[in-house]
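Reader: I have the model open and would like to see how its descriptive words are earned. Could you take me through them one by one?

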Amino acid sequence: MDLNTLWFILIGMLFTGFFLLEGFDYGVGILLPFLGKEDEDRRVILNSIGPFWDGNEVWMIAAGGAMFAAFPHWYATMFSGFYLALVLMLLALILRGVAFEFRSKDQHPGWRNFWDAMIFFGSLVPALLWGIALANLIQGVPIDARKNFVGGFFTLLTPYTLLFGVYMLVLVMLHGAIFLCLKTESTMADQARAAARRLWLPAVALLIAALAASYQVTDAYKASIIPLIGSIALLGSGWNIKDKRDGWAFCMTAITIVTTVATVFLALFPRVMVSTLNPAWSLTIYNASSTSYTLTIMTIVALIFVPIILLYQGWTYWVFRKRVTRQAM
Amino acid sequence: MDPLLLSRLQFAITTVYHFFFVPLTLGLSILVAVMETLYVRSGNEDYKRMTQFWGKLFLINFAMGVVTGIVQEFQFGMNWSEYSRFVGDVFGAPLAIEALLAFFLESTFLGVWFFGWDKLPKTLHAATIWLVAIGSNLSAFFILVANSFMQQPVGYVLRNGRAEMADFFALLTNPHVWVQFPHVFFSGLTTAGFFVLGISAYHLLKKTGGDLIRRSFLIALIWVLISSPLSGLTGHAQGVYKLQVQPMKMAAAEALWETESPASFSLLSIADENAQRNIVDIRLPGMLSWLYFFKAEGTVPGIKNLQAECVKEYGPGSYVPAVTLTYWAFRLMAGIAFVMVGMALFGLFLFVTKRLERFRWFLYLLIPTIFLPHITNSGGWLVTELGRQPWIVYGFMKTEQGVSPTLTGSTVLISLVLFTLVYGGLMLVDLYLLTKFAKSDPRAEASAAY
């Protein structure tokens with residue numbers, strides 16, 4: 001395997017880590033107004049993801065940085081091409097990030113409601129937009145011979161990409177609801193489980209629709225049986241939610257998220273962005289990449305530090321393994 | 001509207017704004033870590049309260065720094081795609097390494113630190129804030145490695161129509177980053193020192209906070225006594241070095257149009273940039289040579305000569321940066337730096353002679369002084385970035401060549417307006433919260449939950 005392929009896999013892993021981890025805290029953020037009617041409940045919900053969300057977000061930053069370092073043309077084409085979508089996402093992430101820090105700093109209900117709304121929209125918008133972005137990578141976008149995106153904001157919004165975006169949105173909501181079951185107790189956990197049960201069927205329906213559409217408009221067939229594994233896992237999560245095996249249910253939605261991102265990356269390979277204008281103008285892991293020297297340096301850094309990151313982030317989940325309750329806050 | 005001009009404006013606004021928060025994070029992370037270490041070593045609960053009081057303010061500021069930092073990473077690709085394509089092989093690596101080495105570290109352990117007061121043994125808990133401090137400053141280092149490549153490109157070859165990395169260690173050992181990083185580091189410490197000093201002065205005046213505040217004041221006073229002169233000295237070292245590698249930047253900072261030997265230092269110059277001369281020009285003869293060469297002789301090249309040299313080397317075009325802006329940014333930075341060192345020394349004098357309580361006006365003065373380091377920090381970056389123009393990478397790529405060709409003026413105008421509005425609103429909220437918590441009782445119990 002060459003370094004270009006290795007970095008394609010590594011960036012796929014960083015995106016997988018992002019959807020897997022930030023996925024549940026986006027989900028929790030979106031469920032906040034629905035499950036937290038009283039302020040105390042909202043605090044329980046927010047504190048369940050409190051120690052984790054910032055570290056989770058770095059997976060996205062690292063994925064962006066890795067794209068820049070390993071495939072500068074991918075980074076340049078995608079970020080300049082998806083300009084307004086990214087502006088929206090950045091604004092959402094900015095308001096969400098400060099909202100966590102700011103909401104508890106004032107007792108006024110209007111203040112808290114405002115920042116709760118920012119957490120809601122700040123979780124919903126990026127979850128939806130990243131789903132749409134992934135779908136655009138495999139569906140293809142107008143890229144010209146000079147590697148420039150020549151569409152506009154609305155080029156990105158097709159029935160397929162919107163369907164995929166909504167699928168990702170509902171999937172992370174389900175993932176987040178199950179996370180809340182794991183991290184809270186009594187009434188809150190029951191409510192979260194009820195939400196998970198309600199979300200499960202739409203998630204399954206959307207998965208089937210998104211998968212069927214992916215086979216129609218993309219090269220999803222290249223992922224062979226991976227989507228099947230994800231589908232079975234999602235079905236399994238419903239059964240586990242019903243029987244209150246939250247840990248298993250969480251593992252199942254985690255598998256579905258991993259297989260979804262894996263499907264996208266396998267459908268792409270060896271391309272990183274598909275051109276709808278001319279297949280020869282697609283960006284690939286070769287024509288978009290850095291030199292083998294830079295990839296070698298980056299490989300050494302990644303091989304040393306990614307395992308360390310996994311260790312210490314894993315450790316934080318162990319430190320904060322206790323369920324969050326009103327009394328414990 | 002010109003997408004290039006708007007993109008430059010957006011980059012300037014978002015970067016200066018981002019750097020309101022970053023230096024305070026860099027310095028305060030270390031200062032809070034020192035406080036918690038004092039707590040662990042002494043077992044004195046006062047130090048725990050102290051750590052938590054300043055920690056609260058640290059967290060509010062940290063959040064602003066983090067969220068505005070994401071914009072920074074994204075906008076190279078968004079607005080400067082040609083730049084990203086041309087230098088991505090070199091420039092992308094330090095940014096990616098920053099995320100992997102530093103950003104994961106600070107973000108992960110900040111969560112552990114805030115939520116972990118009752119969950120970790122004392123020593124381990126103190127270690128987490130040290131990891132945050134190391135992560136933040138390491139992050140600054142790698143960003144400056146990237147910026148130094150733009151200032152003084154090293155370790156690359158021009159090949160295959162782009163800049164390709166030839167020597168990664170040359171990037172890390174770029175002399176530019178080793179004059180730049182210490183300056184940013186000590187400026188961060190200074191920013192944090194005056195922040196703690198100013199808020200402590202408020203509480204001393206109100207007679208709230210007791211021993212905790214007196215100790216904070218003393219720690220911060222010692223802190224700025226060390227950091228503010230070092231910030232000035234490292235800044236000066238950077239100036240001396242810049243004269244060698246970017247003489248145009250230093251000539252603009254002095255509004256020096258003609259080559260002089262010995263060279264004069266400007267006290268007040270008002271430049272007419274079109275006529276390439278100063279309308280008002282009050283200068284100290286020979287002083288600039290003293291500053292740069294430590295003696296009464298030595299040539300400092302003027303803007304006009306440097307322009308002629310650049311035309312010879314790079315072809316026709318203007319190589320003169322915005323002189324008035326660069327000049328005033330530099331004056332503001334250097335002037336205020338002297339004021340800050342003076343404040344630190346005077347504070348020491350009052351403390352040693354036990355006159356602090358009587359010189360209430362000095363304590364009052366320390367409160368607005370909180371903002372002075374922010375002005376010098378912004379001034380420093382304006383000199384660095386404006387003084388490099390028209391280059392985006394000094395000597396081989398111009399800023400106008402770096403902009404994304406796909407952007408229209410209206411698109412960038414939308415993002416510029418949105419960022420400015422949201423940033424403006426958040427600044428008000430940030431100031432409201434910082435003021436509220438700065439004024440709150442320092443001895444109050446702190447919560448370890450949202």
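Reader: What makes α6(B) and α13(B) roughly antiparallel?
Author: Keep in mind that this is a predicted model. In it, helix α6 (residues 175–206) and helix α13 (residues 372–386) of chain B pack at an angle of about 160°. Angles over 145 degrees count as roughly antiparallel, so α6(B) and α13(B) earn that description. Their axes are 9 Å apart, and the crossing is left-handed.

Reader: Which residues make that contact?
Author: From α6(B) come Ser187(B), Thr190(B), Thr191(B) and Phe194(B), and from α13(B) come Leu372(B), Pro373(B), His374(B) and Asn377(B). By class, the contact has 3 nonpolar, 5 polar and no charged residues.

Reader: Why are α3(A) and α2(B) called roughly parallel?
Author: The same kind of reasoning helps here. Helix α3 (residues 53–70) of chain A and helix α2 (residues 45–79) of chain B cross at roughly 20°, and their axes come within 10 Å. Angles under 35 degrees count as roughly parallel, so the term fits α3(A) and α2(B). Their crossing is left-handed.

Reader: What do α3(A) and α2(B) bring to their contact?
Author: Asp54(A), Ile61(A), Gly64(A), Gly65(A) and Phe68(A) lie on the α3(A) side; Val66(B), Ile70(B), Glu73(B), Phe74(B), Phe76(B) and Gly77(B) meet them from α2(B). These residues divide into 6 nonpolar, 3 polar and 2 charged. Gly counts as polar.

Reader: How many residues of chain A are in contact with chain B?
Author: There are 58, and they touch 56 residues of chain B. Each of α2 (39–49), α3, α4 (72–81), α5 (83–102) and α11 (292–319) of chain A supplies at least two residues of this side. The most come from α5(A), which gives 13 residues. The side of chain A that touches chain B divides into 37 nonpolar, 16 polar and 5 charged residues.

Reader: Let me turn to chain A by itself. Which elements does chain A have?
Author: Chain A has 11 helices and 2 strands. Along the chain from the N terminus, the order is α-α-α-α-α-α-α-α-α-α-β-β-α.

Reader: Why is chain A said to be as compact as a globular protein of that length?
Author: Its radius of gyration is 20 Å, close to the 20 Å that the globule rule gives for 329 residues, so the description holds. The C-alpha atoms of chain A fill a box of roughly 60 × 40 × 35 Å along the principal axes.

Reader: And what share of chain A is buried?
Author: Buried residues make up 58% of the 329 residues. To be buried, a residue needs 20 or more other C-beta atoms within 10 Å of its own.

Notes:
Residues numbered from 1 in each chain as written. Chains lettered and ligands numbered in written order. Predicted model: local features only at pLDDT ≥ 70, side-chain atom pairs only at ≥ 80, totals over all residues. Helix = DSSP H or I, 4+ residues; strand = E, 2+ residues; numbered from the N terminus. Rg over C-alpha atoms; globule rule 2.2 N^0.38 Å. Buried ≥ 20, exposed ≤ 12 C-beta atoms within 10 Å, placed from the backbone. Axes fitted to C-alpha atoms, helices over the stretch in contact; angles between N-to-C directions. Parallel < 35°, antiparallel > 145°, perpendicular 65-115°, else oblique. Left-handed = near helix turned anticlockwise from the far one by under 90°. Contact = placed C-beta atoms within 7 Å.
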